[in-house]
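Take a minute to turn the model around on your screen before reading on. We'll go through it one piece at a time.

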Amino acid sequence: MNLESLLHDRLAPAFAAVAGHPVDPAVRASPHADFQSGAALGLARELGRPPREIAAEVAAAADLAGIADVAVSGPGFLNLTLTGDLIDAALRAAAADERLGVAPVTAPERIVVDYSGPNVAKEMHVGHLRSTIIGDALARTYEWLGHDVIRVNHLGDWGTPFGMLVEHLVDLGGGSDHSIGDLTAFYQAARVKFDTDDDFRTRARLRVVALQSGDPLSRDLWRELVARSEQYFLDVYARLGVTLGPDDFAGESRYQGDLDAVVAGLTEKGLLTESDGALCAFPAGFTGRDGAPLPLIVRKADGGFGYAATDLAAVRHRVGKLGADRMLYVVGSPQRIHFQMVFAVAREAGWLPDDVIAEHIGFGSILGSDGKMLKSRAGDTIKLAALLDEAVARATAPAVGIGAIKYADLSGDRMGDYVFDWDRMLASTGNTGPYLQYAHARIRSLFAKAGSGPGEVAVTEPAERDLALALLGFEPAVRAAAASAEPHRLAVHLHGLAMAFSAFWERCPVLRAEGSVRASRLGLADLTARTLHTGMFLLGIEAPDQI
RNA sequence: GCGCUCGUAGCUCAGCGGAUAGAGCAGUGGACUUCUAAUCCACCGGUCGCAGGUUCGAAUCCUGCCGGGCGCGCCA
């Protein structure tokens with residue numbers, strides 16, 4: 001149940017009656033009561049009356065019987081204090097519902113979420129962490145709310161590096177698993193040869209041509225590389241608890257057949273200009289260093305296609321074939337302008353209708369303790385696998401270590417940078433994954449000993465009431481996270497819920513209570529566990545029964 | 001130079017138009033015959049980068065500065 005909406009709906013008619021027109025009651029959580037409405041303040045000038053008088057009139061007119069006690073406060077606020085009956089009823093309704101009282105959206109959208117997108121033949125590294133974690137949390141959240149989510153893993157599986165990689169594979173004698181071995185070593189060996197061996201470099205260039213023109217051997221070896229990499233990615237996703245699966249891979253190679261059509265389409269619309277031999281689009285409103293129009297390079301001077309062409313083809317495909325109502329690109333902030341330009345060109349080309357939303361979901365960097373981009377001590381990029389190994393080694397259990405990393409990534413505003421700090425993220429207290437897991441596990445242990453299940457909730461103690469309000473704040477938190485594509489809104493709420501539960505735990509004995517009090521507290525505990533479990537599930541964080 | 005983004009307590013961060021700006025960590029002082037003390041309670045701690053503006057009301061919106069990060073034609 002969404003209490004804010006309920007209060008909003010009850011106050012709106014009263015405000016409309018007093019003001020003579022519709023007014024947003026502006027119901028918010030309040031430090032002075034459960035909720036407050038400050039709308040009377042804004043009406044004072046218009047109505048030429050003191051705000052407290054307006055507030056009093058609204059309070060008298062509003063139908064809040066059985067829902068909340070209302071009082072005029074301060075300069076003209078309405079303080080709203082929920083009745084015990086309403087709280088009990090709302091908790092019972094949530095407890096009786098598998099979805100905790102959160103109804104699916106009434107108008108489901110088809111939402112394409114593009115995230116993770118690692119490069120074939122390279123190991124995943126910390127640079128892929130945030131996109132993978134944030135994207136997965138968003139996909140899970142939208143899906144749970146009832147949207148039709150299509151996950152897209154836009155692999156870097158095409159382009160000039162693959163001439164080099166395939167040629168290297170040929171040198172090693174073909175495509176058996178053993179010849180590829182460690183992906184990073186394989187890539188680096190190819191790279192070294194490419195940089196130092198003229199003959200190899202020439203063969204690599206020819207191999208690109210062969211690959212792109214469909215030479216069977218080249219294609220087979222390329223496919224082997226892709227397959228190997230995909231299996232490796234899936235292993236990482238399994239460790240991370242990320243829901244990307246084998247059917248979600250849709251790499252750049254998939255759009256190669258569409259690129260000529262992209263160029264043709266843009267040409268037909270008169271959107272392409274030749275500049276220094278390259279075909280460029282110049283969407284309105286983008287300027288570069290010298291104030292000149294900023295180009296989106298669709299086809300390079302050498303005739304090859306850049307990523308802009310692929311991204312445009314992907315937009316076309318996602319709108320035209322996948323039927324997207326909304327597309328989210330969970331990609332780091334540095335690419336913000338690129339995507340804005342892609343979206344702008346796609347709109348001009350007619351591939352992105354006005355009623356389809358395309359959003360770049362940017363995020364900040366992960367920093368080391370020195371305040372710079374996170375690197376290993378030697379200054380290299382840190383492999384994701386190594387990071388996960390360390391998390392597991394440092395934590396009491398794999399789920400705790402992995403959960404700590406994921407929660408640290410999701411608990412702050414995604415646009416900000418954050419400092420990667422093992423001690424802080426693994427701490428059992430504070431706004432951390434382990435704290436949430438601990439709160440959940442405590443409840444599970446309670447039921448392991450209780451000998452009876454949850455009963456009907458009837459809130460009496462202040463700590464129970466605080467917990468109840470936190471529980472009822474779950475729905476608004478999930479909807480807020482979804483509305484702004486900001487998982488931290490849910491994460492912060494879950495931390496507050498866990499804190500409210502801890503306070504309840506200290507002050508309100510459960511198993512030592514008797515009769516209906518014991519049953520009610522078990523009911524509160526159970527609802528808390530289920531809410532934490534669901535919320536953590538939406539963030540992609542495991543909630544073990546024991547820690 | 002232009003653009004994007006971030007500047008809130010010693011540290012890490014919420015809050016993003018409403019009443020005395022909130023948490024956590026660190027610090028100080030308490031609480032274990034107790035359902036997981038991996039916890040809880042209290043205290044301490046802030047000219048919300050600076051200066052204007054809009055508003056009944058600004059950390060929140062606008063403008064201009066200052067400081068950090070990132071981008072700005074053939075890498076993705």
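**A hairpin, an RNA strand and some empty spaces**

Let's start with two strands: E7 (residues 272-275) and E8 (residues 278-281) run antiparallel and pair over 4 bridges. Two strands count as paired if DSSP finds at least two bridges between them, and the helices (H or I, at least four residues) and strands (E, at least two) named here are DSSP runs, numbered from the N terminus. Within this pair, Glu274 sits opposite Leu279 of E8. The hairpin has 2 residues between its strands, and there Asp276 takes a positive phi near 50°.

Before we go further, a word on what you're looking at: this is a predicted model, where local features need pLDDT of at least 70, side-chain atom pairs count only at pLDDT 80 or more, and totals for chains, interfaces and linings use all residues. Residues are numbered from 1 along each chain as its sequence is written, chains are lettered from A and ligands numbered from 1 in the order in which they are written, and side-chain values use heavy atoms, with hydrogens and water left out.

Asp276 turns up again at the RNA. One of its backbone N or O atoms lies 2.9 Å from a base nitrogen of RNA strand B. Polar backbone atoms of two other residues also reach base nitrogens of RNA strand B: the distance is 2.4 Å for Trp505 and 2.9 Å for Val510. (A polar contact is a pair of N or O atoms within 3.5 Å; within protein, one must be able to donate a hydrogen and the other to accept it, and residues adjacent in sequence count only if both atoms are side-chain atoms.)

Which residues come nearest to RNA strand B? Out of 63 around it, they are Arg45, Glu252, Lys300, Tyr307 and Tyr438. Here, a residue is near the strand if one of its heavy atoms lies within 4 Å of it. Seen from the RNA side, 58% of the strand B atoms within 4 Å of the protein belong to sugar or phosphate, and the rest to bases. Helix H20 (488-507) gives the most to this surface, with 9 residues. The surface near the RNA divides into 24 nonpolar, 22 polar and 17 charged residues. For that sorting, Ala, Val, Leu, Ile, Met, Phe, Trp, Tyr, Cys and Pro count as nonpolar, Asp, Glu, Lys and Arg as charged, and the others, Gly among them, as polar.

H20 also helps to line the second largest pocket, supplying 5 residues, the largest share. That pocket has a volume of about 470 Å³. Of its 20 lining residues, Ala29, Leu469, Ala470, Gly473 and His493 are closest to the centre. At least three lining residues come from each of domain 1 (3-82) and domain 3 (433-539); such bounds come from an automatic or database domain assignment.

Now for the closed spaces: there are 2 cavities of 30 Å³ or more. On a 1 Å grid over the protein atoms alone, a cavity is a set of points where a 1.4 Å probe fits but cannot get out, while a pocket is an open set with protein on both sides within 12 Å along at least five of seven lines; lining residues have an atom within 4 Å of a point. Grid points are joined across faces, edges and corners, and a volume is the space filled by probe spheres set on the points. The largest cavity is about 90 Å³, and its lining includes Met1, Phe474 and Glu475.
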